[in-house]
Amino acid sequence: MPNGAQSLIRGLVDAGVDVCFANPGTSEMHFVAALDDVPEMRPVLCLFEGVATGAADGYARMAERPACTLLHLGPGLANGLANLHNARRAHTPIVNLVGDHALGHKPLDAPLESDIDALAGSVSGWVRRTRDVGELAADAAEAVAAAAEGRIATLIVPADISWTDGGKAAPTGLGAPSGTIPCDIEAVTAALTSGEPAALLLGADATRGRGLEDAARIARATGARLLCETFPARLERGAGVPEVERLSYLGDAVAAQLAGLRHLVLVGASSPVSFFAYPGKPGDLVPEGCQVHALAPSPEQAARVLPMFARHVTRQAGPETATDAAPEAAPRRPARPTGALTAESAADAIGALLPEGAIVVDESNTSGLWLPGATAGAPRHDWLTLTGGAIGQGMPLATGAAVACPRRPVLCLESDGSAMYTMQALWTQARENLNVTTVVFDNRSYAILNLELQQVGAAAAGERARDLLDLSRPELDFVALAGGMGVPAAKATTAEEFTAQLERALADPGPYLIDCVVPPMV
Ligand SMILES: Cc1ncc(C[n+]2csc(CCOP(=O)(O)OP(=O)(O)O)c2C)c(N)n1
């Protein structure tokens with residue numbers, strides 16, 4: 001009879017989870033040992049838990065099924081929380097396996113004892129601690145089913161449950177999807193066919209594939225505009241794909257984007273609010289006189305309603321006539337840039353070279369201002385963004401996306417400050433020989449925080465305040481940092497150098513990093 005750890009891994013594999021981004025400790029050693037008994041599970045070692053959780057997010061956004069993470073007790077989970085927060089905001093399915101002390105050891109309050117449930121509860125839609133070895137595989141299957149609803153599921157596994165013999169297979173038939181979702185389709189249809197200015201605000205699964213096609217059909221039938229959240233989990237874009245306008249990060253700009261709208265239909269998205277409170281400015285960004293309609297009770301459920309809704313709306317509204325709504329992007333690329341290397345010329349180089357089928361992970365922050373325009377007509381690609389605003393997501397996300405899609409090129413657009421949070425991801429990229437090209441926009445600044453100083457009305461900040469946002473003292477050597485983790489790298493200081501290095505990196509398999517030295521935008 002298998003022990004708990006063996007039955008747990010078997011249960012996960014049987015439920016369709018066969019990649020584990022791991023950073024284990026003593027309480028997870030039986031799980032580690034059991035990996036040799038269940039060869040279908042692929043373990044991927046990550047040198048920090050924030051890398052493991054971000055990689056699991058990137059993996060599931062691309063593979064469309066969950067990976068699991070293996071985390072060590074409360075502190076290991078805590079180290080992974082920021083990227084679990086981003087994953088929760090992306091509605092990404094993830095199964096966390098968190099080892100715990102043996103049940104009899106917990107009352108002793110050993111040094112690593114902590115409130116795992118509280119930490120897990122802050123990001124998880126499903127939390128369970130298994131107390132009977134015979135139930136471990138079934139709990140794993142339930143965790144996978146819960147995650148498949150677009151949630152984070154955390155299974156806490158006491159060490160003695162892992163090492164005890166008596167593991168049983170999970171009963172079949174667990175986790176059948178729940179039934180029909182009630183939603184007032186007639187009211188939403190009436191709003192869209194009223195002739196008044198309307199827009200669909202897309203989030204979750206509606207920004208790609210079938211969801212995006214259905215949304216575009218609705219737009220063409222009703223004339224509604226297609227908008228999406230500021231930070232979509234995975235936006236499909238490029239030549240031949242319906243164009244979707246992303247809401248701006250800046251509240252004033254969102255006000256201009258939404259001005260005059262009478263109906264805003266949420267399709268897997270939340271109603272727009274500003275990222276922070278600013279003195280004298282509204283937090284709720286829905287304009288006066290605009291009614292907000294939700295297509296489903298929760299963003300996770302919208303994807304299930306959308307096909308039926310699209311059929312209903314197109315039947316009510318007649319043939320698709322509004323071809324100016326949701327037009328497909330025309331193929332176009334910028335010319336290869338020359339001269340000074342700036343955020344703008346770097347964006348032109350990326351737009352000129354982006355390969356068909358690329359997965360772009362965007363944590364470029366202020367240096368990314370020019371990227372959407374420069375890449376809008378590039379060959380079809382996916383764009384993954386910082387859904388929850390917790391920086392340090394880009395490199396892990398790119399790592400997971402490359403594990404999920406080994407035949408697609410991954411381009412990770414990273415800003416220097418954010419890169420320094422979870423750069424250990426490069427080591428995993430080297431170890432797994434992942435095809436990731438990382439561009440670090442090296443502006444030697446927490447540039448956006450200089451803008452935020454002004455936005456919150458603290459613009460008169462002095463030298464000490466500005467120094468706290470400066471990354472030039474000492475200068476970070478990204479070429480050396482990457483090299484130290486086994487990733488070849490080069491520095492670019494002109495547009496020509498950057499273009500040539502990017503072209504070579506995209507053509508060569510395996511990881512590569514370009515230190516792209518640019519002046520700060522702010
Ligand atoms: C986990 C986390 N810690 C801190 C912050 C606050 N923060 C927002 S932006 C930023 C600096 C960003 O600098 P960089 O990544 O270099 O991008 P730039 O603004 O220079 O374009 C910080 C520290 C955050 N968003 N998330």
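**Ligand shell and a surface patch**

Student: In this predicted model, how far is a backbone N or O atom of S445 from an oxygen atom of the ligand?

Tutor: Residues are numbered from 1 along each chain as its sequence is written, and side-chain values use heavy atoms, without hydrogens and water. The model is predicted, so local features need pLDDT of at least 70 and side-chain atom pairs pLDDT 80 or more, while totals for chains, interfaces and linings use all residues. A polar contact is a pair of N or O atoms within 3.5 Å. For the S445 backbone atom and the ligand oxygen, the distance is 2.8 Å.

Student: How much of the ligand's accessible area does the protein cover?

Tutor: Accessible areas come from the Shrake-Rupley method with a 1.4 Å probe. On its own, the ligand has 580 Å². The protein covers 78%.

Student: Which elements give two or more residues to the shell around the ligand?

Tutor: Helices here are DSSP runs of H or I with at least four residues, and strands are E runs of at least two, numbered from the N terminus. The elements are α16 (416–419) and α18 (447–455).

Student: How far does a polar side-chain atom of S418 lie from an oxygen atom of the ligand?

Tutor: Take S415 alongside. An N or O atom in the S415 side chain is 2.7 Å from a ligand oxygen. For the polar side-chain atom of S418, the distance is 2.7 Å.

Student: Is L369 buried or exposed?

Tutor: Buried means under 20% relative accessible area, exposed over 50%, partly exposed in between. L369 sits in the loop between β13 (359–363) and α14 (371–375). Its relative accessible area is 57%, so L369 is exposed.

Methods. A polar contact is a pair of N or O atoms within 3.5 Å; within protein, one must be able to donate a hydrogen and the other to accept it, and residues adjacent in sequence count only if both atoms are side-chain atoms. Buried means under 20% relative accessible area, exposed over 50%, partly exposed in between (1.4 Å probe, protein chains only).
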